Structures are given as C-alpha cells and as structure tokens.
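Visitor: I'm new to this structure and would love a close look at just one part of it. Could you pick a piece and walk me through it slowly?

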Amino acid sequence: QVGRTELGLGQIDRAISTLTEARSMASEYAGPGSPVTLMAAMSLAEGYAHQGRAARARALLKGAEPGLKPLGTQGILYGVYLRARSQVDQAEGRFDAAGADLEAAETLFRALGAPADPFTRSIAGLRAALAAARAGILR
C-alpha cells in the first residue's frame, strides 16, 4: 500500500524502490504467483510506465499474466492489470489501446462494487492524464 500511495503522490522514484522491495518480499514469502506478488508487480509496472520505461513495465505485466490466468478476468486483480496495461500503452503512445483498457477496467471495477471503489475512483485521474497525453501529441 505504501508504494501505491507514493505513486498516487507522484513520488515515482520512491514508489519504484518501495514496490521493488515489496515484490521481492511477496515473491519470497507468498510465492511468485500469489495475488500480493501480482499486485506489487502490476503497481511496479505502473511506476515504470510513469518513468517512460515502457519496455520494463511491459515485461512485468507479461510476467504477471501466467499468475493472473487461473484467477480469471472478473476479479479486482484483472482490473488492476487492465489499469496498469493502460498506463503502459499510454507510455508507448498507444492512446486508443490505453483508453480501451481504462474503459474495461472501470466497467469491471463498477461491477465488483464496494470492494473495488478505490480502484474505480482512480480511473477519472488516469483518464484525464490520458487526455492530456493525447492532446500533447495532437499539438
């Protein structure tokens, strides 16, 4: 949670350090495919996307996919995956794909209701950042 908070506050370098440590600990103690490890990996991917390190972020998401597969596409973790993927898409300049992933994440979070509320609330800010990035390209 600390790393996610640091990301939200724009302290990207600090968040990456925190999330790297969290992912390592989670993998060691809970296993590489555990939900806590997957969440840390996807959050770390978001941090790398914010730094413009899209290839590193994409690799983290690709590494999380095998662990997500058995969990299905209807849970919070899959929504977090879509949200992270949208940020990687944005960092790569793939704005249409980013928008589609954000839309899918929001739809999933809304369907999940109260447990997903914090994630649902994050979408508006991400959508605004996507619009700003898209506008910067169109100028």
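Guide: Happy to! Please keep in mind that this is a predicted model. To set the scene, the protein chain has 7 helices and 0 strands, and along the sequence this reads as α-α-α-α-α-α-α. A compact globule of 139 residues would have a radius of gyration near 14 Å, and the protein chain agrees, with 14 Å. Buried residues account for 39% of those 139 residues.

Now let's look closely at helix 6. Find residues 95–112: these 18 residues form helix 6. From its first C-alpha to its last, helix 6 reaches 26 Å, close to the 26 Å expected at 1.5 Å a residue.

Next, see which of its residues are tucked away. Phe 95, Ala 98, Asp 101, Leu 102, Ala 105, Glu 106, Leu 108 and Phe 109 are buried in helix 6. They cover an arc of only 165° around the axis, so they sit on the same side of helix 6. Besides Phe, Ala and Leu residues, this buried set includes Asp 101 and Glu 106.

Turn the view to the face pointing away from that buried side, and you will meet the exposed residues Asp 96, Arg 110 and Ala 111. Here "exposed" stands for over 50% relative accessible area, while "buried" stands for under 20%.

Finally, follow the chain just past the end of helix 6. There you come to Gly 113, which takes a positive phi of about 75°.

Technical notes. Residues are numbered from 1 along each chain as its sequence is written. This is a predicted model: local features need pLDDT of at least 70, side-chain atom pairs count only at pLDDT 80 or more; totals for chains, interfaces and linings use all residues. Side-chain values use heavy atoms; hydrogens and water are left out. Helices (H or I, at least four residues) and strands (E, at least two) are DSSP runs, numbered from the N terminus. The expected span of a helix is 1.5 Å times one less than its number of residues. Buried means under 20% relative accessible area, exposed over 50%, partly exposed in between (1.4 Å probe, protein chains only). The arc is that of the directions from the helix axis to the C-beta atoms. The radius of gyration is taken over C-alpha atoms; the globule rule is 2.2 Å times the number of residues to the power 0.38.
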